[in-house]
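Here are my comments on the model you asked me to read, set out as numbered points. They begin with the overall fold and then turn to individual residues.

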Amino acid sequence: MKHRRSIDLSPRHKYVGPAGELPWINLAKLSAYYVLGGECGRCGHKGWIDREKVRRRFGAETFLKELRNNLVCVECGNRKGNSFTIWKA
Ligand SMILES: [Zn+2]
């Protein structure tokens, strides 16, 4: 079953880096050309995050660093030590 906050991985995206850790990055500053990914701190699972859903739920001004605690791994359910990754669409 697909988690509502995950979308399919696509090879067309180019990895930019773990820029989601930077304290000043929020959706308002992150250009629409970038896609958000998430990485699990426990099992290492990687997946896409629907930035539009994040924006609707938390607003575009909330910094990604603060949202890290809201990330839940769809593989193992881990909520700790998860991180955002930034990809170029
Ligand atoms: Zn996991």
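1. What share of the contacts in the protein with a separation of 6 or more comes from residues 24 or more positions apart? The figure is 80%, and it should be read with the reminder that this is a predicted model. Several of the pairs discussed below illustrate contacts of this kind, and they are taken up residue by residue.

2. On confidence, the average pLDDT of the protein is 84, and 84% of the residues score at least 70. The values vary along the chain: helix α1 (residues 51-58) has the highest confidence, at a mean of 93, whereas strand β1 (residues 6-7) has the lowest, at 52. I would ask that any figure legend give both of these values, for α1 and for β1.

3. The secondary structure consists of 2 helices and 5 strands, and their order along the sequence follows the pattern β-β-β-β-α-α-β. Buried residues account for 20% of the 89 residues in the protein.

4. The pairing of β3 deserves a description of its own, since strand β3 has partners in both β4 and β5. With β5 the pairing is antiparallel and extends over 6 bridges, while 4 bridges, also in the antiparallel sense, join β3 to β4 (residues 46-49). L36 takes part in both pairings, for its bridge partner in β5 is I86 and its bridge partner in β4 is I49. A further bridge to β4 links G37 with W48.

5. The connection between β3 and β4 is a hairpin, with 6 residues between the two strands, and within this turn G44 has a positive phi of about 80 degrees. The loop between β3 and β4 also contains H45, to which I return in point 7.

6. Which residues make up the largest nonpolar core? There are 9 of them, namely L27, V35, L36, I49, V54, L64, L67, F84 and I86. At least two residues of this core are supplied by each of β3 (34-39), α2 (64-67) and β5 (83-88). The set thus includes L36 and I86, which are bridge partners across β3 and β5, as well as I49, the partner of L36 in β4. F84, another member of the core, is located in strand β5 and counts as buried because 22 other C-beta atoms lie within 10 Å. Its C-alpha atom is 5.6 Å from that of G37, although F84 and G37 are 47 residues apart in sequence.

7. Two loops meet through H45 and E75, the latter being found in the loop between α2 and β5. The two residues are 30 positions apart in sequence, and their C-alpha atoms are 6.7 Å apart in space. Neighbours within four places in sequence being left aside, H45 is in contact with C40, C73, V74, E75 and C76, and on the same basis E75 is in contact with C40, C43 and H45. C40 therefore appears in the contact lists of both H45 and E75, given that a contact requires C-beta atoms within 7 Å. E75 also has a C-alpha separation of 9.3 Å from G44, a residue 31 positions away along the chain.

8. Are H45 and E75 buried or exposed? Each falls in between: H45 counts as partly exposed because it has 16 C-beta neighbours inside 10 Å, and E75 counts as partly exposed because it has 14.

9. Y33 offers an exposed counterpart to the buried F84 of point 6. Y33 is placed in the loop between β2 (14-17) and β3, and with 8 C-beta neighbours inside 10 Å it counts as exposed. Beyond its neighbours within four places in sequence, Y33 is in contact with K88 and A89. For the pair Y33 and K88, which are 55 residues apart along the chain, the C-alpha atoms are separated by 6.1 Å.

Terms used: Residues are numbered from 1 along each chain as its sequence is written. This is a predicted model: local features need pLDDT of at least 70, side-chain atom pairs count only at pLDDT 80 or more; totals for chains, interfaces and linings use all residues. A nonpolar core is a set of buried Ala, Val, Leu, Ile, Met, Phe, Trp, Tyr and Cys residues joined through C-beta atoms within 7 Å. A residue is buried if 20 or more other C-beta atoms lie within 10 Å of its own, exposed if 12 or fewer, and partly exposed in between; C-beta atoms are placed from the backbone. Two strands pair if DSSP finds at least two bridges between them. Two residues are in contact if their C-beta atoms, placed from the backbone, lie within 7 Å. pLDDT is the predictor's confidence in each residue, from 0 to 100.
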